[in-house]
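Visitor: I would like a close look at a single part of this model, set in the context of the whole chain.

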Amino acid sequence: MALDQSFVGRSYPPSDPYEVGREKIREFAEAVGDTNPAYTDPEAARALGHSDVIAPPTFVFTITYKAAGQVVRDPQLGLDYNRVVHGDQKFAYTRPVRAGDRLTVTSTIESIKSLAGNDILDIRGEVHDEAGEHVVTAVTKLVARAAEEG
């Protein structure tokens with residue numbers, strides 16, 4: 001059954017603050033195989049004009065995807081998460097994520113489409129720092145596959 005189009009534009013409460021730590025950034029950079037010294041060495045980051053180490057661009061997915069869980073678990077939306085696959089991910093940065101940031105995410109349903117019986121859901125995550133300044137917008141595309149016949 002197709003998802004309800006009236007949910008487009010619905011926003012959910014901001015997530016609890018997530019404090020970005022140097023070690024989390026280092027672990028993430030190692031996990032994705034990115035050896036940029038700005039991710040692990042504070043001096044290298046400062047040489048590039050940053051106050052501390054910065055995170056790889058996809059690091060923010062760890063918190064935006066968790067925040068999108070509010071959308072996924074909304075019983076009124078009726079999304080069958082057992083049928084969901086991750087379709088796409090996009091980021092638009094105002095500035096890099098830095099160690100020491102305390103970030104919150106507000107998730108909004110950007111669009112709902114049906115294609116060949118599949119529901120395609122775009123969730124926009126607006127990430128702000130503790131001062132309320134915009135850091136990044138992340139758009140996560142989820143695809144709820146159509147139920148198999150028979």
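Visitor: In what order do the elements of the protein chain run from the N terminus on? Please then turn to strand β5 (residues 134–144) and describe its surroundings.

Guide: This is a predicted model, in which local features need pLDDT of at least 70 and side-chain atom pairs count only at pLDDT 80 or more, while totals for chains, interfaces and linings use all residues. Residues are numbered from 1 along each chain as its sequence is written, and side-chain values use heavy atoms, with hydrogens and water left out.

From the N terminus on, the order is β-α-α-α-β-β-β-β, which amounts to three helices and five strands; helices (H or I, at least four residues) and strands (E, at least two) are DSSP runs, numbered from the N terminus. Buried residues, those under 20% relative accessible area with a 1.4 Å probe and protein chains only, make up 40% of the 150 residues in the chain.

In strand β5, eight of the eleven residues are buried, so this strand is largely enclosed by the rest of the structure. Two strands count as paired if DSSP finds at least two bridges between them, and β5 pairs with both β2 and β4. With β2 (residues 84–93) it runs antiparallel over nine bridges, and in this pairing Val84 stands opposite Ala144 of β5. With β4 (residues 118–128) the pairing is likewise antiparallel, over ten bridges, and here Val127 has Val136 of β5 as its bridge partner. Five residues lie between β4 and β5 in the hairpin that they form, and in its turn Gly132 has a positive phi of about 85°.

Val127 also leads to the nonpolar interior, a nonpolar core being a set of buried Ala, Val, Leu, Ile, Met, Phe, Trp, Tyr and Cys residues joined through side-chain atoms within 4.5 Å. The largest such core has 21 residues, of which Ile25, Phe59, Val97, Leu103 and Val127 touch the most other members. Strand β5 is one of the elements that supply at least two residues each to this core, together with α1 (22–32), α3 (61–72) and β3 (102–115). Apart from it lies another core, of 15 residues, and Ala144, the residue opposite Val84, is among its members, as are Val71, Leu79 and Leu121.

How values were computed:
Buried means under 20% relative accessible area, exposed over 50%, partly exposed in between (1.4 Å probe, protein chains only).
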